[in-house]
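Student: I would like a close look at one part of this model, namely its surface patches. Please set them in the context of the chain as a whole.

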Amino acid sequence: MDKPNDTEQRLMALEIKAAFTEDLLDQLDQVIVRQQEQIDLLMRELAQLREQPRDEGVVGSRSPHDDLPPHY
C-alpha cells in the first residue's frame, strides 16, 4: 500500500494542477470575452459601412485619364 506521506504528496500535486488549470481557464475566458467584444465592434462597423450611400456621382465626374499611372 501507499505510505500516508506519498498519498499526501500526490493529493497536493493534484490540487496544484487543479489550481493552475482553473487559473488557465479564467485567462482563456477573458480572451474569449475580449475577442467577442472585438467581433461585435467589427460587425457594427461593417453594418455602418454597408449603410453608407455610395458616391457614384463623384466618380462619374472624373476623367478615365486620371486613373492612369503617371508613366503613361
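**Surface patches along the helix**

Tutor: In this predicted model, D26 has a relative accessibility of 41%, so D26 counts as partly exposed, the class between the 20% limit for buried and the 50% limit for exposed. D26 is located in helix α1, which spans residues 4-51. On the surface, D26 belongs to a patch of negative charge, where it gathers with E22, D23 and D29. Membership in such a patch requires over 30% relative accessible area and no salt bridge, and like charges are joined within 9 Å.

A second patch is nonpolar in character and consists of M12, I16 and F20. Together these three residues present about 350 Å² of accessible area. M12, like D26, is placed in helix α1. With a relative accessible area of 52%, M12 is over the 50% limit and therefore counts as exposed.

The wider setting is as follows. The protein chain contains two helices and zero strands. Of its 72 residues, 0% are buried. The accessible surface of the chain amounts to about 7400 Å², and carbon and sulfur atoms account for 58% of that area. To return to the part requested, the surface carries the negative patch of E22, D23, D26 and D29 and the nonpolar patch of M12, I16 and F20.

Notes. Residues are numbered from 1 along each chain as its sequence is written. This is a predicted model: local features need pLDDT of at least 70, side-chain atom pairs count only at pLDDT 80 or more; totals for chains, interfaces and linings use all residues. Side-chain values use heavy atoms; hydrogens and water are left out. Patches are made of residues with over 30% relative accessible area and no salt bridge: like charges are joined within 9 Å, nonpolar side chains (Val, Leu, Ile, Met, Phe, Trp, Tyr) within 5 Å. Accessible areas come from the Shrake-Rupley method with a 1.4 Å probe; for residues, only the protein chains shown count as cover. A salt bridge is a side-chain nitrogen of Lys or Arg within 4 Å of a carboxyl oxygen of Asp or Glu. Lys and Arg count as positive and Asp and Glu as negative; His and the chain ends are not counted. The place of a charge is taken as NZ of Lys, CZ of Arg, CG of Asp or CD of Glu. Helices (H or I, at least four residues) and strands (E, at least two) are DSSP runs, numbered from the N terminus. Buried means under 20% relative accessible area, exposed over 50%, partly exposed in between (1.4 Å probe, protein chains only).
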